[in-house]
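Colleague: I'm new to reading protein models, and I'd love to walk through one with you. Could you put it up so we can take it piece by piece?

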Amino acid sequence: MIRVENVRKSFGQTPVLDGVDLTIAPGEVVSILGSSGSGKSTLIRCINGLERLSGGRIMVDEFDVSMPKELAEARKRSGTVFQLFNLYPHMTVLGNITLAPIEVLKKPRGEAEARARALLESVGLGGRADAYPAQLSGGQRQRVGICRALAMQPRYLLLDEVTSALDPEMTAEVLTILAKLAQDGTTMLFVTHEVEFARQISDRIVFLDKGKLLVDLPTKDFFDNSGGMAQPRVAQFLSKMRKD
Ligand SMILES: Nc1ncnc2c1ncn2[C@@H]1O[C@H](COP(=O)(O)OP(=O)(O)O)[C@@H](O)[C@H]1O
Ligand SMILES: [Mg+2]
């Protein structure tokens, strides 16, 4: 279980997260929607321990991300894929995926490579293990990014707008992989602008607005006129998304 409790985060005087409460139970797929600047990436970075909290607490299972001694274990459990392709350019696809399992989890190289190859196969990149990131399309790089996160066998997968830099065809490639992961029971926290896709795969949808969690509802209720849509900010956001 990931538990975000009354989390506040400010940069200087500016509050970016303002008392956010959120839980993600094992097996759940939760999407985070919200306008640009609402604090979505900051929330993901806080869960990952990349930002120091200004207040509140985040627990990943029994590990508190604010406790230096617990952070490494918390991080191992929550694999993260970011918007930009942050693969190491000087390493092959296989090298990128096996680095952390070998260095952090101390897996034998053979075992790490076998798992990496199986993951690549599962995302349709079985033949690209020896390619360098620069030789791949954006969609292929994001699929490698997903494999790299999954190679750590995380309990939770955090995804921050992993398709927003991709063209529609590549977006579809990546979303297909994520839909399969969701079906397989992967626990996911999914920041996205892909509203229709979020609707298809999510158990719950939360809406962040200016650092506050305005809505946290089962997906069906989120899109209902008496549920999430009753919030003017949500209705406005969704109508804008549909026009774009
Ligand atoms: N390192 C930082 N320093 C100062 N301000 C930041 C920093 N990171 C994010 N912000 C600000 O926090 C707000 C929320 O940003 P972000 O979490 O990236 O939003 P989102 O992902 O929803 O677009 C924005 O106003 C952004 O400018
Ligand atoms: Mg963001």
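Colleague: Thanks! In which strand is the place of Leu-189?

Modeller: Happy to help, and please keep in mind that this is a predicted model. Leu-189 sits in a strand that covers residues 187–191. That element is strand 8.

Colleague: Is Leu-189 buried or exposed?

Modeller: A residue counts as buried when its relative accessible area is under 20%. The value for Leu-189 is 1%, so Leu-189 is buried. Beyond its sequence neighbours within four places, Leu-189 is in contact with residues including Leu-22, Ile-32, Ile-44 and Leu-158. To end on the word you asked for, Leu-189 is buried.

Colleague: What separates the C-alpha atoms of Leu-189 and Leu-157?

Modeller: Along the chain, these two are 32 residues apart. Leu-157 is also on the list of contacts of Leu-189. Their C-alpha atoms are separated by 6.3 Å.

Colleague: Let's move to Leu-214. Is Leu-214 buried or partly exposed?

Modeller: Leu-214 lies in strand 10, residues 212–218. Its contacts, leaving aside neighbours within four places in sequence, are Phe-207, Asp-209, Gln-231 and Arg-233. The relative accessible area of Leu-214 is 32%, and because that falls between the cut-offs of 20% and 50%, Leu-214 is partly exposed.

Colleague: How many residues of helix 3 are buried?

Modeller: Helix 3 runs over residues 93–103 and is mostly covered. Among its buried residues are Val-93, Ile-97, Pro-101 and Ile-102. The cover over the buried residues includes helix 4 (109–122) and helix 5 (138–150). Out of 11 residues in helix 3, the number buried is eight.

Colleague: Now a sheet. Which strands are the edge strands of the open sheet with the order 2-1-4-5?

Modeller: This open sheet has four strands with antiparallel pairing. Strand 1 (residues 2–11) pairs with strand 2 over eight bridges, and Phe-11 stands opposite Thr-14 in strand 2. An edge strand pairs on one side only, and here the edge strands are strand 2 (14–24) and strand 5 (63–64).

Colleague: Which helix gives the largest share of the shell around ligand 1?

Modeller: The residues around ligand 1 include Phe-11, Val-16, Lys-40, Ser-41 and Thr-42. By type, the shell divides into two nonpolar, seven polar and one charged. The largest share, three residues, comes from helix 1 (residues 40–47).

Colleague: How far is an oxygen atom of ligand 1 from an N or O atom in the side chain of Thr-42?

Modeller: Let's start with two backbone contacts. A polar backbone atom of Gly-37 is 2.7 Å from an oxygen atom of ligand 1, and a backbone N or O atom of Gly-39 lies 3.1 Å from an oxygen atom of ligand 1. For the side chain of Thr-42, the distance is 2.5 Å.

Colleague: What share of the area of ligand 1 does the protein bury?

Modeller: Taken alone, ligand 1 exposes 570 Å². Of that area, the protein buries 55%.

Colleague: One last stop. Which residue has the backbone oxygen that the side chain of Ser-38 reaches?

Modeller: Ser-38 lies in the loop between strand 3 (29–33) and helix 1. With a relative accessible area of 4%, Ser-38 is buried. Its contacts beyond four places in sequence include Val-16 and Leu-208. At 2.7 Å, the backbone oxygen that the side chain of Ser-38 reaches belongs to Ser-35.

Key
Residues numbered from 1 in each chain as written. Chains lettered and ligands numbered in written order. Predicted model: local features only at pLDDT ≥ 70, side-chain atom pairs only at ≥ 80, totals over all residues. Heavy atoms only, no water. Near = heavy atom within 4 Å. Polar contact = N/O pair within 3.5 Å; in protein donor to acceptor, adjacent residues only side chain to side chain. Areas by Shrake-Rupley, 256 points an atom, 1.4 Å probe, with all protein chains shown as cover. Helix = DSSP H or I, 4+ residues; strand = E, 2+ residues; numbered from the N terminus. Nonpolar A, V, L, I, M, F, W, Y, C, P; charged D, E, K, R; others polar. Buried < 20%, exposed > 50% of the residue type's maximum accessible area, 1.4 Å probe, protein only. Contact = heavy atoms within 4.5 Å. Pairing = 2+ DSSP bridges.
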